[in-house]
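I opened this entry to look up how the parts of the chain are divided and how two of them meet. Salt bridges were next on my list.

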Amino acid sequence: MHLIWLRTDLRLHDNTALAAACQRGPVAAVYLITPEQWLAHDDAPCKVDFWLRNLQHLSQALGALNIPLLIRHAATWDQAPAVLSQLCRELSMESVHVNEEYGINESRRDTAVAQVLEADGVTFHRYLDQLFFQPGSVLTKTGTYFQVFSQFRKVCYARLHSALPRLVATPKAQAPFTLKRDPIPEQVEGFEPPSETLRALWPAGEDEARRRLDAFADQQISYYKDERDFPAKPGTSQLSAYLAAGVVSPRQCLHAALQTNQGEFESGDIGAITWINELLWREFYKHILVGYPRVSRHRAFRPETEALAWRDAPRDLAAWQQARTGLPIIDAAMRQLLETGWMHNRLRMVVAMFLTKNLLIDWREGERFFMRHLIDGDLAANNGGWQWSSSTGTDSAPYFRIFSPLSQSEKFDSEGVFIKHWLPELATLNKKEVHNPQALGGLFGVADYPRSIVDLKKSRERALAAFRNLPSRQEVAEHE
């Protein structure tokens with residue numbers, strides 16, 4: 001008998017490890033509930049709830065193939081080897097199959113499990129599944145990991161042209177056996193279930209993920225490049241939560257996009273090309289996790305930026321977290337995050353730059369806050385985005401590029417539709433006033449909306465000065 005250990009791959013279709021396990025004989029699946037680990041990794045309660053709801057759907061889908069889904073508990077990943085070893089002994093397992101995950105803790109966990117199982121005579125098999133290319137296989141001419149996305153993308157394109165990753169066949173039903181599937185817990189202690197309103201925005205299950213993918217590919221992808229930056233428009237795929245939990249695979253997304261564009265990567269539908277690039281950004285940041293392990297350790301990708309004189313400003317941080325900055329586009333974006341578990345991608349950059357440049361607060365504070373609230377929280381993508389915005393990361397925005405929240409607001413929400421949806425207290429303002437109520441002065445201001453917590457011009461100068469005073473990369477290297 002063979003075991004598939006499910007993690008961030010909660011799907012039946014196009015699941016490499018599941019298909020491989022099923023080719024060997026009778027299969028059972030297991031999922032580990034690891035609450036202390038989730039807390040340590042700042043996983044959001046809405047994300048844990050999303051996992052549990054998807055597990056219920058997956059348990060039924062596997063059950064229809066006579067594959068029982070078992071639930072086991074291990075407070076942290078340190079206990080995973082013992083828990084899985086015991087399960088394999090109980091059920092006389094020959095092999096355990098997993099899809100690779102990336103990050104220091106994930107790698108250590110899998111190595112520890114493999115050692116214990118192999119000492120018990122159980123073989124441990126790992127598969128490339130959530131990426132198109134094995135980390136370490138897309139390298140510069142000098143054999144190092146890429147640090148610039150455009151160069152990484154170019155090599156990926158060349159590889160994809162010659163060897164497109166194929167979709168994996170869905171397993172067929174196996175003969176029934178006596179092992180019964182376990183009930184999926186409704187909730188896990190320490191993770192308050194989200195509101196029904198939030199849940200309704202993110203229905204669970206592969207069918208829903210596929211419906212979203214098909215609808216996006218059929219109706220929206222061609223407009224993606226033009227509409228993805230406007231938060232009031234439904235211009236994005238709304239698939240990020242499903243990708244983060246592995247309810248849909250990057251391969252399925254790539255194939256759907258190529259199908260709409262006659263198999264082309266670099267010509268044809270500009271919307272499809274732009275979206276494929278987003279899949280490759282996701283890939284790039286996971287390769288960075290492997291190539292530069294320091295980013296898994298809360299370290300800046302660019303070591304010289306560790307010397308930045310970040311401000312200790314708890315009141316400013318709290319105002320940002322609670323959507324009380326007095327800048328409508330920032331506050332509307334933060335309310336969207338708090339109420340839906342998701343934030344529009346353009347606004348993720350805007351609020352991140354505001355926190356790290358205008359407020360000069362350490363990017364790690366923002367990264368952690370996002371992870372604690374995002375339903376699509378993903379270490380590689382979240383860290384990559386925060387470090388890009390704060391100019392501490394790979395391929396990052398140059399430090400002097402500081403988005404103005406006001407010009408971003410006027411450009412991407414010109415009518416104030418997004419702002420007024422999330423900040424109804426500003427509904428009476430016209431489309432010019434809504435971006436900066438403070439400019440109206442006390443007489444015409446909005447009584448229950450705060451004044452801006454920061455002077456944008458002065459704070460920009462402060463950030464530029466802080467970055468200009470950093471040592472060079474060479475100076476840092478010489479001192480190490």
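My notes below go from the domains to their interface, then to the charged pairs.

Entry 1, domains. I am working from a predicted model. I looked up the domain assignment, which gives domain 1 as 2–128, domain 2 as 131–164 + 206–291, and domain 3 as 303–478. I noted that domain 2 is written as two segments.

Entry 2, the record. I checked the UniProt entry, which is unreviewed, and found the annotation "domain: Photolyase/cryptochrome alpha/beta" on residues 1–132. I then took the secondary structure over residues 1–132: helix makes up 45% and strand 20%. The C-alpha atoms at the two ends of that stretch are 29 Å apart.

Entry 3, domain 1 against domain 2. I took the centres over C-alpha atoms and got a separation of 26 Å. To the contact, domain 1 gives 15 residues and domain 2 gives 19 residues. I wanted an area as well, since the size of an interface is often given as the accessible area lost when the parts come together. For domain 1 and domain 2 the buried area is about 1400 Å², and carbon and sulfur atoms account for 56% of it.

Entry 4, polar links across that interface. How many residue pairs are in polar contact between domain 1 and domain 2? I have 9 pairs, with both residues at pLDDT 80 or more. On the side of domain 1 that touches domain 2, helix H3 (residues 45–63) gives the most, with 3 residues. By class, I sorted that side of domain 1 into 6 nonpolar, 5 polar and 4 charged residues.

Entry 5, the salt bridge between the domains. The rule finds 1 salt bridge across the interface of domain 1 and domain 2. I also looked up the pair Arg-251 and Asp-14, which form a salt bridge with their closest N and O atoms 3.1 Å apart.

Entry 6, salt bridges overall. My count by the rule comes to 28. I picked out Asp-110 and Arg-7, whose closest N and O atoms are 2.8 Å apart in a salt bridge. Where do the two residues of this pair sit? Asp-110 is in helix H5 (residues 104–119), and Arg-7 is in the loop between strand E1 (2–6) and helix H1 (16–22). I logged this pair as linking distant parts of the chain, 103 residues apart.

Methods:
Residues are numbered from 1 along each chain as its sequence is written. This is a predicted model: local features need pLDDT of at least 70, side-chain atom pairs count only at pLDDT 80 or more; totals for chains, interfaces and linings use all residues. Side-chain values use heavy atoms; hydrogens and water are left out. Domain bounds come from an automatic or database domain assignment. Contact means heavy atoms within 4.5 Å. Buried area is the accessible area (1.4 Å probe) that two parts lose on being put together, summed over both. A salt bridge is a side-chain nitrogen of Lys or Arg within 4 Å of a carboxyl oxygen of Asp or Glu. A polar contact is a pair of N or O atoms within 3.5 Å; within protein, one must be able to donate a hydrogen and the other to accept it, and residues adjacent in sequence count only if both atoms are side-chain atoms. Helices (H or I, at least four residues) and strands (E, at least two) are DSSP runs, numbered from the N terminus. Ala, Val, Leu, Ile, Met, Phe, Trp, Tyr, Cys and Pro count as nonpolar, Asp, Glu, Lys and Arg as charged, and the others, Gly among them, as polar. UniProt positions are given in the numbering used here, feature names are shortened, and annotations may be inferred rather than shown by experiment.
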